[in-house]
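Thanks for coming. I will go through one structure, a few places at a time. Please keep the sequence and the picture in view.

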Amino acid sequence: MPVHFINNHDIFVDRFGSGAPVLAIHGLGGSSNFWWPLHTALPEALEITAPDMPSAGRSANDPALSISSLTSDMLALMDALGLEQAHLLGHSMGTIICQHMAVSAPERVLSLALLGPLAEPPVPARPNIAGRAELARTQGMQPISDAIIGAALAEKTKTEKPVTTAFVREMVAAQDPEGYALSCIALAESQAADVSGLSCPTVLITGEEDKVAPPPNVEALGTSFGSVVSPIVLKDCGHWTLPEQPQTTISHLKSFYGV
């Protein structure tokens with residue numbers, strides 16, 4: 001069943017593959033479609049569970065959305081699907097949720113693979129993120145989607161990968177404006193999890209042109225884990241890691257998962 005009633009709202013879930021469980025959590029403006037490149041590229045040794053987060057994609061809006069509620073929703077989804085443990089794979093805002101899940105329930109997290117990762121938005125960025133909520137509510141998603149492909153993709157992606165650019169633009173443009181606004185507010189108000197006590201295997205992957213998770217910031221994030229994690233930096237890549245550099249990203253994930 002692709003839709004599950006979790007914590008009083010519907011969550012759409014895409015599942016594919018078989019084997020070791022991986023829970024894949026997309027970022028702001030994304031959906032389960034973000035993980036589509038994994039459908040045919042990862043071996044059958046992994047089962048990918050990719051939900052549309054509440055207030056995103058095909059899932060219902062949650063007026064009380066927060067990082068705390070999303071963390072609770074994802075743990076409850078694991079319960080509903082019978083996943084006692086899972087590898088957590090996240091992108092952008094999804095990496096914050098992954099970190100909070102790992103801190104809240106470390107016994108349930110087999111590993112962390114974080115793409116375009118951040119602990120929390122930097123203070124100067126928070127008003128801009130919150131401002132996008134008002135823009136979505138008043139003008140809809142089109143100006144936001146156009147701004148994102150202009151600022152969040154690598155230059156080579158924009159000039160040489162028109163299909164990838166269109167994919168990201170359409171994924172963002174298709175969001176429900178109110179759901180996107182709720183997600184913006186949740187991200188703007190998010191706080192970092194204390195990951196210093198975590199011991200699960202962790203990999204951080206970011207783009208050399210990622211303005212949301214620039215390499216120096218990801219390097220600093222890596223030092224906050226229980227054992228220091230050095231980031232992998234992808235050439236000619238912005239913030240939309242997997243769609244921009246699918247082959248390279250998947251190669252690193254295969255190596256990390258040992259498949």
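I will start with a single residue, S55, which is buried at a relative accessible area of 2%. This is a predicted model, so local features are read only where pLDDT is at least 70. Where along the chain is S55 found? It sits in the loop between β4, residues 46-51, and α2. Its backbone is worth a look too: S55 is not a glycine, yet its phi is positive, about 75°.

A second residue can be described in the same terms. D236 also has a positive phi, about 55°, and is not a glycine. D236 belongs to the loop between β8, which covers 232-234, and α10, which covers 241-244. Is D236 buried or exposed? Its relative accessible area is 18%, and the limit for buried is under 20%, so D236 counts as buried.

Now to the helices. Helix α2 runs over residues 67-80 and helix α3 over residues 93-104. Their axes come within 9 Å and cross at roughly 70°. Angles of 65 to 115 degrees count as roughly perpendicular, and α2 and α3 are therefore roughly perpendicular to each other. The crossing of α2 past α3 is right-handed. Which residues meet there? From α2 they are I67, L70, T71, M74, L75 and M78. On the α3 side they are M93, I96, I97, H100, M101 and S104. Sorted by class, this contact of α2 with α3 has nine nonpolar residues, three polar ones and no charged ones.

Let me stay with one of those residues. M93, in helix α3, is buried, with a relative accessible area of 5%. Which residues does M93 touch, once neighbours within four places in sequence are set aside? In α2, as we just heard, I67 and L70 take part in the helix contact, and both are in contact with M93. Its other contacts are G27, L28, L118, S183, A186 and L187. For a distance across the model, take M93 and P37: they are 56 residues apart along the chain, and their C-alpha atoms are separated by 19 Å.

There is a second helix pair to compare on your screens. Helix α5, residues 142-151, packs with helix α7, residues 162-173, at an angle of about 145°. Their axes are 8 Å apart, and α5 passes α7 in a right-handed crossing. The α5 residues involved are Q142, I144, S145, D146, I148 and I149, and they meet T165, V168, R169, V172 and A173 in α7. By class, the contact of α5 with α7 divides into six nonpolar, three polar and two charged residues.

Next, the interior. In soluble globular proteins, nonpolar side chains tend to be buried together. The largest nonpolar core here has 82 residues. Which of them have the most contacts inside that core? They are L89 and L112. Again leaving aside neighbours within four places in sequence, the contacts of L112 include L88, C98, A102, L198 and C200. L112 also touches P201, T202, V203, F225 and F256.

Last, a residue that is not buried. A130 lies in helix α4, residues 126-139, and at 34% relative accessibility A130 counts as partly exposed. A130 and V218 are 88 residues apart in sequence, and C-alpha to C-alpha they are 23 Å apart in space.

That is my list. Questions are welcome.

Key
Residues are numbered from 1 along each chain as its sequence is written. This is a predicted model: local features need pLDDT of at least 70, side-chain atom pairs count only at pLDDT 80 or more; totals for chains, interfaces and linings use all residues. Side-chain values use heavy atoms; hydrogens and water are left out. Axes are lines fitted to C-alpha atoms, for helices over the stretch in contact, and angles run from 0 to 180 degrees between N-to-C directions. Helices (H or I, at least four residues) and strands (E, at least two) are DSSP runs, numbered from the N terminus. Angles under 35 degrees count as roughly parallel, over 145 as roughly antiparallel, 65 to 115 as roughly perpendicular and the rest as oblique. A crossing is left-handed if the near helix is turned anticlockwise from the far one by less than a right angle, and right-handed if clockwise. Contact means heavy atoms within 4.5 Å. Ala, Val, Leu, Ile, Met, Phe, Trp, Tyr, Cys and Pro count as nonpolar, Asp, Glu, Lys and Arg as charged, and the others, Gly among them, as polar. A nonpolar core is a set of buried Ala, Val, Leu, Ile, Met, Phe, Trp, Tyr and Cys residues joined through side-chain atoms within 4.5 Å. Buried means under 20% relative accessible area, exposed over 50%, partly exposed in between (1.4 Å probe, protein chains only).
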